[in-house]
Amino acid sequence: MDTAKFLEILRITLPVFALLGLGNILSRAGKMTDEHQSFLNWVVYYICLPALIFAGMAVQPISSLLMTDFIWTTLLSMLSVCAVYLLIALALRLDKKIAVIMVFSTYWSNCAYMGFPLAESAFGERGFLMAAILNAVTMPIMVIISFVMIGMCSDKKQGVGKSLRDGLLNPIIIASFAGIAWSLAAGGLGLDGNGVNTLPLAVREGLGIGEKILKSLGTMGLSLALIAVGGKLRFRHIGKNVLPMALGVAGKLAVLPVITWAIMRALFPSTPKDVFGSTVLLMTMPTAVTGAVVAARFKLNAEFVSTLIAVCMMGSVVMIPVCLYLVL
């Protein structure tokens, strides 16, 4: 094994998994209660991540956000794994609540809480930008699809229109759209790039201060998010629904990255190495913890989704370093 590459992988992954482990230790020791975790998740979900995503998108020229190779690859790979697992769920005749969790767990990635720090550590500013585009463009489409499926399968009956509204009102999606709108407006007014220097000094300083505040909130939020996520990792119900759980974890950590690798190599062979690596790495992120929040809200099988997320998170301890070794 290449020692330098191995050490680089440790540098990238250990801080993230250390914070997850800290959260789990605090929770098991009774120092972080469910109320603490709920508060941290609320702060991160409604304040820190939207601030981070808006700041990341708003300062980018709109041309840099329209990376068609990255957008099409991530979208096609997620839609492909979604379609495959819908067919598997039908073939196995799974209970609809278990089926919908298994399906969305294969593509609803933890691309915010874990994707941002890992992609940035591995590929610098380009990795951060890929994570921002994924959260701003691809994930909103998949989240809306997920909300429609969940609305159809849950006990909390609601129409497609209400499911679409729930998806669109996701704070991360709102922040993504707002960042894109800001970037478009700046480009239209000629204020992107060096054009911002034409603004009065007081306005430029104000914008700079605002950007620093938003990025500080985002940086703080990522650490808090990892600690809160670690606190929720439990394996109490691992013996139930073993087959759909194993299929869901395999789909997220293995099938989706392989499909992503194949699509990008087939359709966009000239993609730069850092974009290719960021794409595959982001698709290897474990299932998003927000899936448990959504499952509870729509009265799905909360035990199943929580255990699936925990198993997927533990599996990512192996799969993320493997992915990094292959793409670095």
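This passage describes the helices, the nonpolar core and selected residues of one protein chain in a predicted model.

The protein chain contains 13 helices and 0 strands, and its elements, read from the N terminus on, accordingly run α-α-α-α-α-α-α-α-α-α-α-α-α. Of its 328 residues, 52% count as buried. Among the contacts in the protein chain with a separation of 6 or more, 84% are accounted for by residues 24 or more positions apart.

The largest nonpolar core comprises 91 residues, and those with the most contacts inside it are Phe70, Tyr107, Trp108, Met114, Phe116 and Leu281. Helix α6, which spans residues 115-153, gives the most to this core, contributing 20 residues. The surroundings of Phe116 can be listed in full: when residues up to four places away in sequence are not counted, Phe116 touches Leu52, Ile53, Cys111, Phe128, Ala131, Ala132, Asn135 and Leu222.

Several helix pairs were examined in turn, since two packed helices are described by the angle between their axes and the distance between the axes. The axes of helix α5 (residues 96-105) and helix α10 come within 8 Å and cross at roughly 20°; because angles under 35 degrees count as roughly parallel, α5 is described as roughly parallel to α10. The crossing in which α5 passes α10 is right-handed. On the side of α5 the contact is made by Ile98, Met102 and Ser105, and on the side of α10 by Pro244, Leu247, Gly248 and Lys252. Sorted by class, the residues of this contact of α5 with α10 are 4 nonpolar, 2 polar and 1 charged.

Helix α10 (residues 242-267) also packs with helix α11 (residues 273-283), and the axes of these two helices come within 8 Å while crossing at roughly 155°. Since angles over 145 degrees count as roughly antiparallel, this angle makes α10 roughly antiparallel to α11. The crossing of α10 and α11 is right-handed. From α10 the contact draws on Lys252, Leu256, Pro257, Thr260, Trp261, Met264 and Arg265, and from α11 on Phe276, Thr279, Val280 and Met283. The residues of the contact of α10 with α11 divide into 7 nonpolar, 2 polar and 2 charged. Lys252 of α10 thus appears in the contact with α11 and is also listed in the contact with α5.

Helix α11 packs in addition with helix α13 (residues 302-327), at an angle of about 165° and with the axes 10 Å apart, an arrangement that makes α11 roughly antiparallel to α13. The crossing of α11 and α13 is right-handed. In this pairing Lys273, Phe276, Gly277, Val280 and Leu281 of α11 meet Ile320, Cys323, Leu324 and Val327 of α13. By class, the contact of α11 with α13 has 7 nonpolar, 1 polar and 1 charged residues. Phe276 and Val280 of α11, which meet α13 in this way, also take part in the contact with α10, while Leu281, another residue of α11 that meets α13, is among the residues with the most contacts inside the largest nonpolar core.

Individual residues complete the description. Two of them, Pro50 and Phe39, are placed in helix α2, which covers residues 34-58. Pro50 counts as buried because its relative accessibility is 11%, and the cut-off for this class is under 20% relative accessible area. Leaving aside neighbours within four places in sequence, Pro50 is in contact with Val44, Tyr45, Pro171 and Ala175. The C-alpha atom of Pro50 is separated by 7.8 Å from that of Gly218, although these residues lie 168 residues apart along the chain.

Phe39, by contrast, is exposed, with a relative accessible area of 53%, a value for which the relevant cut-off is over 50%. Phe39 and Ala228 are 189 residues apart in sequence, while their C-alpha atoms are 9.1 Å apart in space. Arg93 is found outside the helices, in the loop between α4 (68-92) and α5, and counts as exposed at 77% relative accessibility. Although Arg93 is not a glycine, this residue has a positive phi of about 55°.

Technical notes. Residues are numbered from 1 along each chain as its sequence is written. This is a predicted model: local features need pLDDT of at least 70, side-chain atom pairs count only at pLDDT 80 or more; totals for chains, interfaces and linings use all residues. Side-chain values use heavy atoms; hydrogens and water are left out. Axes are lines fitted to C-alpha atoms, for helices over the stretch in contact, and angles run from 0 to 180 degrees between N-to-C directions. Helices (H or I, at least four residues) and strands (E, at least two) are DSSP runs, numbered from the N terminus. Angles under 35 degrees count as roughly parallel, over 145 as roughly antiparallel, 65 to 115 as roughly perpendicular and the rest as oblique. A crossing is left-handed if the near helix is turned anticlockwise from the far one by less than a right angle, and right-handed if clockwise. Contact means heavy atoms within 4.5 Å. Ala, Val, Leu, Ile, Met, Phe, Trp, Tyr, Cys and Pro count as nonpolar, Asp, Glu, Lys and Arg as charged, and the others, Gly among them, as polar. A nonpolar core is a set of buried Ala, Val, Leu, Ile, Met, Phe, Trp, Tyr and Cys residues joined through side-chain atoms within 4.5 Å. Buried means under 20% relative accessible area, exposed over 50%, partly exposed in between (1.4 Å probe, protein chains only).
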